[in-house]
Each structure stands twice: as structure tokens, then as C-alpha cells.
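Okay, thanks for squeezing me in. Let me put the structure up, and then I'll walk you through the bits I found worth a look.

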Amino acid sequence: LLVNNNISADYSFTTLSGITPEYLVCVNPGNGKSLLQAIDYFSPSYLFLTLPSWNHLIATFDIVDWSIVSKKYSDKLYLGVHTEGYSILGLLASKGLINIDHTPVIRALETECETEVKIISDLTSRSYHNMFNYLGFLLDEINMIKDSWNTLCQVPKVYTKPKFSISTPIAVFGSGPSLDSEIETVKKIASTHLLIASGSNFKTLLKHGITPDILCLMERGAMNDDDYGPLTKEYDMSKVKLICSCTCHFSLIKHFTNSAVFYRPVLTPLSIFCDDEDQVLHFEGPQSINTGLSLACNFSPSNIVLIGIDLGTKSLDYVRSKDAAGVSPRDFNIETKGNFCKSVFSDRFMMDGKEIAESCIASNDNINYYNASDGVEIVGTKPLKLSDYFTKLCIDLPNKKDRYDNLETWWNQLYTYNNTSFVNLWQASRARLHTHECISSIQFVIQNAQYSYLEKISLVESLLELKGEKFKQF
């Protein structure tokens, strides 16, 4: 709660040096020294000063030159007397709901009164936190819109489902521990297969001299830049195609000469930015391997082989490829049927990935699937050791360079995102008008006594369908 650079031993609160808040809330500034230090340290966009009484403001006059502070913040400075913390909520939310997350709340060390204690207690209570924790999906959607726009402003290509088969057999990689034992055989099939790295296994492959043709990513967050940025400086990326979600951090695009973004189904950026159903990559999550598998299926090859897609482990002492990028903590508290052995350990999130992979395979049943991963069983695939896969199915395959033209033809046909056109469309859309009309229609349905509850649900769902002109979707 107090301004400092330390983090608790049990990591129970955020390191303040790691945040750049929009808001700073000061509960009783004391003589003003702590307030000035906090303003200098955080450089917030908005300053909220909540006081037990106006006399507490007068107490700062010797140290704080309020003419300077008010000039700096102008209409972003708020002063008020409050008796409890909840009254501040509406004021904070009115300036931007998502900005409340990680807002520092400070107080002067030399003072403490009953009202101040009450305000701080309210602002750190479970009920206060739950007001925002249970808006998590809403906040995620807002953040994804912002992330998507920043990424699209890098003007990448936009993924579109191919109209023809890429034809080359495809190897899709995961970061399971079995990947490490198959590296030498992967080198043998690299010349005949299109190689799709899914997330962190990209580093494992590069470190062993294997350059994937495609890197697939769908995770959000700047940590991806930390994981993959250094690799682009250490290895030649000129032949790697990055295909990532538009919600990925924009900095990733800067590291790759060849990049394209896809839209994830259901998420809000789809309705705002997407122009064509073929730009959507279905079955793309929740794991990166789902992204790689879905993309591979859309290329319509004859064969797909899964390597290192363990989605679990046989041994709790060896749970991930040793050279995989980043970290991926897992519980491994679920025992389930293995691909080559009786049982393996997995967790809820990887089991979700398994189910989505099986749905993707069932929806693309014109492809032969081989699972060379020593992890969980994936229904719809044929268990086959990679060495056996190589000797039985790869010996007579032509070099993939002879069939690479289809991939390059498809890639060159992808259009480059035009953010200027989007801005013009947005400005011409009269989005506020159509939003008002939509909300008014929903309000009419909800308040209309002639409709039953089920009828109201149906009518509201029809009003919220994402069909129609783009300006109404906005």
C-alpha cells in the first residue's frame, strides 16, 4: 500500500517499480512530502486526493505549491472530502474502468485517523476487489481491442484460409519433454516437411540447428517479446513466417520480416477488425499447439505428424523441453491415458487443449494424423514413433523445396492491413448513434411486460448478433 520498491517474500503484492499507473490515489497527504515523492515516482496521468477534511489540505500548503500541481494536471486533478472508500469508486470508474487495476493508493506515514483507516480498508477489501475481478472478461476484451489495434498499426499481412492445398506433409511441434529425444529424427524429416513451431518450442528447434518455416503464437502480453525478441537477434529469421493472433503484443511484428495476423473466434476484435470469415482461425486455443494444429489443417496436407505435443509428462522430474523459451508452470494433478504408455500426468488447461485438438481433427477428417509424442493420447491420431514414421512414410518423399511454391503463392496473395482505411471507416460509421439505438432496443425488450423471460432472452440475443453492416458491428 505504501510507496516502496520492495516485493514481499511470498510475492503477495506487485512490485511498484514494475507498474506505470494512470491513476494515483492519495489518502491524506500529511504535510505533502509523500505526495510530491509519489507524483515524481509514478508520473500518473490522473491525481485523486481524498481527504478526511479540508483542514488536511491546508496542512500541505507549506511544502506543496498547488498552483504548480494544478497547472500540471489541470482537469485531471480531483480533490474531495470522503468518509469511506466506496464513494471514490464512481469517480475513478468514470475516467476509465480499466485504469483502476494496479492503481497505487498512498498515505503519509506521519498521520493516521479513523476516517483514513476506513477508506484504506474499503479500497483493499475483498468486496471492492471482486467488483473488478468479476469483470475480468470485460477488461480482457477491452485490452485485446487495444492490443489488436497496436498490432494492426504495424501493417502486417492478414491471414486468410488457403483456397488450395499446400500439399507438403506438415510437422507440428509442442514443447513437451519428448521433443528433446526426437531432435535427430526431426532433422531428417526437415527437408521433406513443412515445420510449424507452436510457441516456446521455437527456441528448442533453433538451438539444435532446425529453422521452422512458420512460428505460430496466440498468447498475449509483452513477455512474448522477452521470449522471442532475443532469438531474432541470435538466429536468421529471414525464412521464418510469423503467424500470430492480432491480440499478440505489437512488438513481435517488428522482429520478423514476414508476419501475418489471424483473428480468434468469439473475441471482440473479430467483430471490429475482421473483414472476412476466412481470416478467422478456429480451434486456435487454449494452447499454442492448438494454433499450430489448426493452421496445419487449413493447409490441407495429406499427412500431419505431431512431435513433442505431450500435453503432459510421464515423469514429474521432466515436464518440458529443456531448451523451450520462457516458463510454463503446471500442476500435473490429472492422470490420464498415454499415447505410448498406460498413463501420464496432465493438468486441466492441457486437457482443454487435448479436447480442442480432437475437435479440430474430427472437423478435418480428410487428413492422416500421426502422433509421435510421448504424452497424452489424442483421439483421431495414430500413435507412431517418429523413427518408424520416418522409415515407413518419409523415405520416398520429394524435397519440400520442390513443393514450396504453393506456400509462397498463398503468402504473397495475403493482403497487408490498411489501418488508414479502418480509421476512415470508423469515423464515418456514426458508432455512437448505432450503439444508442442498440441499447435502446435492448432496454425496450427488457422493460416490456408483454414478453416472457424466455422471449426476452431470444430477442436480446437476436439484437446482439454480430451480423450486418460493419458500422453496426462497431
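So, a starter for you: in which sense do E9 and strand E10 pair, and over how many bridges? They pair in the parallel sense, over five bridges. Before I go on, keep in mind that this is a predicted model.

Let's stay with E9, residues 241–245, for a moment. Five of its five residues are buried, so we can call the strand mostly covered. On the other side there's strand E8, residues 214–217, which runs parallel to E9 and is joined to it by four bridges. Cys244 is a handy residue to click on here. In E8, Leu217 stands opposite Cys244, and in E10 the bridge partner of Cys244 is Val261.

Now zoom out to the sheet. It's an open one with nine strands and parallel pairing, and the order reads E5-E10-E9-E8-E7-E6-E11-E14-E15. The edges are strand E5 (157–158) and strand E15 (382–383), each pairing on one side only. Further along that order, strand E6, residues 170–173, runs parallel to E11, with four bridges between them. One example of a bridge pair there is Val172 with Leu306 of E11.

On to the packing. The largest nonpolar core has 46 residues, and the ones with the most contacts inside it are Phe202, Leu215, Tyr263 and Ile307. Apart from that one lies another core, of 37 residues, including Ile304, Leu306, Ile309 and Leu407. If you select Ile307 and skip its neighbours within four places in sequence, you'll find it in contact with Ala171, Val172 and Phe173, among others, and also with Ser373 and Leu386.

There's a bit of nonpolar surface too. Trp54, Leu79 and Val81 form a patch with about 270 Å² of accessible area together. Trp54 sits in the loop between strand E2 (46–51) and helix H2 (55–58), and at 47% relative accessibility it counts as partly exposed.

Next, charges. The count comes to 13 salt bridges, and I'll pick three. Glu184 and Lys187 have their closest N and O atoms 3.4 Å apart. They're three residues apart in helix H9, residues 183–189, so about one helical turn separates them. Glu184 is exposed at 52%, while Lys187 is partly exposed at 36%.

Then there's Lys207 with Asp323, at 3.2 Å between the closest N and O atoms. This pair links distant parts of the chain: Lys207 is in helix H10 (residues 201–207), Asp323 is in the loop between E11 and E12, and they are 116 residues apart. Asp323 is buried, with a relative accessible area of 18%.

My third pick is Glu358 with Lys354, 2.6 Å from N to O. These two are four residues apart in helix H15, residues 348–363, so again it's about one helical turn. Both of them are buried. Salt bridges that share partners also join Asp140, Asp147 and Arg220 into one network.

Last thing, the backbone oddities. Where is the cis peptide bond? It joins Gly285 and Pro286, with omega at about 15°. Pro286 is in the loop between helix H13 (268–273) and helix H14 (288–298). Phe283 lies in the loop between H13 and H14 as well, and it has a positive phi of about 55° although it's not a glycine. Phe332 also has a positive phi, about 50°. Phe283 is partly exposed at 29%, whereas Phe332 counts as buried at 10%.

That's me done, so fire away.

Methods:
Residues are numbered from 1 along each chain as its sequence is written. This is a predicted model: local features need pLDDT of at least 70, side-chain atom pairs count only at pLDDT 80 or more; totals for chains, interfaces and linings use all residues. Side-chain values use heavy atoms; hydrogens and water are left out. Buried means under 20% relative accessible area, exposed over 50%, partly exposed in between (1.4 Å probe, protein chains only). Two strands pair if DSSP finds at least two bridges between them. Patches are made of residues with over 30% relative accessible area and no salt bridge: like charges are joined within 9 Å, nonpolar side chains (Val, Leu, Ile, Met, Phe, Trp, Tyr) within 5 Å. Accessible areas come from the Shrake-Rupley method with a 1.4 Å probe; for residues, only the protein chains shown count as cover. A salt bridge is a side-chain nitrogen of Lys or Arg within 4 Å of a carboxyl oxygen of Asp or Glu. A nonpolar core is a set of buried Ala, Val, Leu, Ile, Met, Phe, Trp, Tyr and Cys residues joined through side-chain atoms within 4.5 Å. Contact means heavy atoms within 4.5 Å.
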